[in-house]
Amino acid sequence: MLLDSDALDEALKSLDSVQLAKVSGRLVRVSGLILEGLGCHQPTGQRCYVEQTDGSLLEAQVVGFNREITYLMPFKKPLGLATGARIFPIREEARLRIDDSWLGRVVNGLGEPLDEQGKLTGHDLLPPLPPPVNPLRRRPVEEPLDVGVRAINAMLTLGKGQRVGLFAGSGVGKSVLLGMITRQTKADVVVVGLIGERGREVQEFILHSLGPEGLRKAVVVVAPANESPLMRLKAADLCHSIAAYFRDRGQDVLLLMDSLTRYAMAQREIALALGEPPATKGYPPSVFGMLPELVESAGNGASPTGSLSALYTVLAEGDDHQDPIVDCARAILDGHIVLSRKLAEVGHYPAIDIGASVSRCMAQVSAPEHRNAARQLKELYSTYEKIRELIPLGGYTPGADAKTDRAVQLAPAIERFLRQETGQDADLDFSVRTLQQLLGSRG
């Protein structure tokens, strides 16, 4: 009889976890990007399902509230919403699992495959956000990162764990340069985030810029411009989480995110829709708080092995390098590489302006002889640029200044050195050796 009593007690206790009623809220208003619901008192960040008129469920996320009203934003375009539609909280969200099988795959901001190669699986749980790293335990940048591009390796040497901005206007070879770096870098894993770009460019980047060779060791996260701003934010967070996972496994990871500006624009859309006042050129204050938070999630971790280097493209609209996002990115990143439209217009690729670019970690990862050679070349390049337009006009007189004479003499060789074909690889040692040989020559 005692056994029957214990079994009965266990059965009664199990009823406590049974959901006797399905809790739901009601959709009362749709205003632009924002869905407003009543009766769904859920915390920010909670995912919910919203019923659509065709019976399907639209996944959305709580992004704010105002007294009894809960604000939600959908991940995908609604197929049809009506007033009074039910809103259900998702009690147990599906957690992504990851391992090496993700390499070579293309996913969206929710981790759903876009390449029609089957469901993604894995052994390890992937956190929705990269784990924070104590700044006192973060391993410093001490080793160089070989990206296979001569102008960067020799003149703007990057380090493992460095975060760099690629500042460029439209049509100056940004995507081509990213593809070169992806294929030729010596990093173990490359994570590419295509955030807010044109959908046409996604396939072209994968086929032409990345190629089969680059895709084999890469994970591509895609959220084109036609996706909701929330999906674009999720995609940026996901590519950082993926990169941090491989870093913490002891691998050298290179994260390429195109672009940081589109990420800022996505947050601007959400913030303005929620009523946050615009501050600098239409960007609300929350944007300038989220940018450093995202960038700081990259970089080295506390482990003695593994690294996470990041390259963020920053769009200089109209080649305006005083844009607020450009200015903010320049302050929070560990260096910037500027692509010049002037160089691109004369067929100089990659169109890297070495005079306007800087790597703040170069002194930590390069030898004194290398830094001295790079400084000399920059000085010669700058000297020649100052008098370039005067030479056809007869404004330059040979023999008047030895430094100017040397700059003019080496100008063709410097230009050849800074140019590089897309299929050409130039490793770090070869780039440095070529730089030193160039300075030792007489033109």
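## Helices 7 and 8

Let's start with a pair of helices. Helix 7, covering residues 285-296, and helix 8, covering residues 324-332, cross at roughly 35°, and their axes come within 10 Å. The crossing is right-handed. On the helix 7 side, the contact is made by V287, F288, L291, P292 and V295. Helix 8 brings P324, I325, C328 and I332 to meet them. Sort the residues of this contact by character and you get nine nonpolar, no polar and no charged.

One thing to keep in mind from here on: this is a predicted model.

## The whole protein

Now for the wider view. The protein has 443 residues, and buried ones make up 51% of them. Its secondary structure comes to 13 helices and 18 strands. Measure the C-alpha trace along its principal axes and the spans are about 110 × 50 × 40 Å.

How much area does the protein expose? About 21200 Å², with carbon and sulfur atoms supplying 53% of that. As for contacts, take those with a separation of 6 or more: residues 24 or more positions apart account for 71% of them.

## Helices 3 and 4

Here is another helix pair to find in the model. Helix 3 runs over residues 174-184 and helix 4 over residues 199-215, and the two pack at an angle of about 5° with their axes 9 Å apart. Angles under 35 degrees count as roughly parallel, and helix 3 and helix 4 are therefore roughly parallel to each other.

Which residues meet here? From helix 3 come S175, V176, L178, G179, M180, T182 and R183. Helix 4 answers with F205, H208, S209, L210, E213 and G214. The residues of this contact are a mix: five nonpolar, six polar and two charged.

## Helices 12 and 13

Further along the chain, helix 12 (residues 402-418) packs with helix 13 (residues 428-440) at an angle of about 160°, and their axes are 10 Å apart. That makes helix 12 roughly antiparallel to helix 13, because an angle over 145 degrees counts that way. Helix 12 passes helix 13 in a right-handed crossing.

To pick out the contact, look in helix 12 for R406, L410, A413, I414 and F417. In helix 13, the residues they meet are S431, T434, L435, L438 and L439. The contact of helix 12 with helix 13 divides into seven nonpolar residues, two polar and one charged.

## A look at V219

Next, a single residue. V219 sits in strand 14, which covers residues 218-223. Is V219 buried or exposed? Its relative accessible area is 0%, so V219 is buried.

What does V219 touch, leaving aside residues up to four places away in sequence? The list is W102, L103, R105, V190, V191, V192, I242 and F246. For a sense of distance, V219 and L428 are 209 residues apart along the chain, and their C-alpha atoms are separated by 24 Å.

## Two cis peptide bonds

The backbone has a couple of spots to stop at. The peptide bond from D258 to S259 is cis, with omega near 10°. S259 lies in the loop between strand 15 (252-258) and helix 6 (260-273).

Y349 and P350 are also joined by a cis peptide bond, this one with omega about -10°. You can find P350 in the loop between helix 9 (341-345) and strand 18 (358-359).

## Positive phi at E116 and K281

Two more backbone details round off the tour. E116 is a residue other than glycine, and its phi is positive, near 55°. Where is E116 found? Look in the loop between strand 8 (106-107) and strand 9 (124-125). With a relative accessible area of 79%, E116 is exposed.

K281 is not a glycine, yet it has a positive phi of about 50°. K281 is in the loop between helix 6 and helix 7. Its relative accessible area is 56%, so K281 counts as exposed, the cut-off being over 50%.

Definitions and conventions. Residues numbered from 1 in each chain as written. Predicted model: local features only at pLDDT ≥ 70, side-chain atom pairs only at ≥ 80, totals over all residues. Heavy atoms only, no water. Axes fitted to C-alpha atoms, helices over the stretch in contact; angles between N-to-C directions. Helix = DSSP H or I, 4+ residues; strand = E, 2+ residues; numbered from the N terminus. Parallel < 35°, antiparallel > 145°, perpendicular 65-115°, else oblique. Left-handed = near helix turned anticlockwise from the far one by under 90°. Contact = heavy atoms within 4.5 Å. Nonpolar A, V, L, I, M, F, W, Y, C, P; charged D, E, K, R; others polar. Buried < 20%, exposed > 50% of the residue type's maximum accessible area, 1.4 Å probe, protein only. Areas by Shrake-Rupley, 256 points an atom, 1.4 Å probe, with all protein chains shown as cover.
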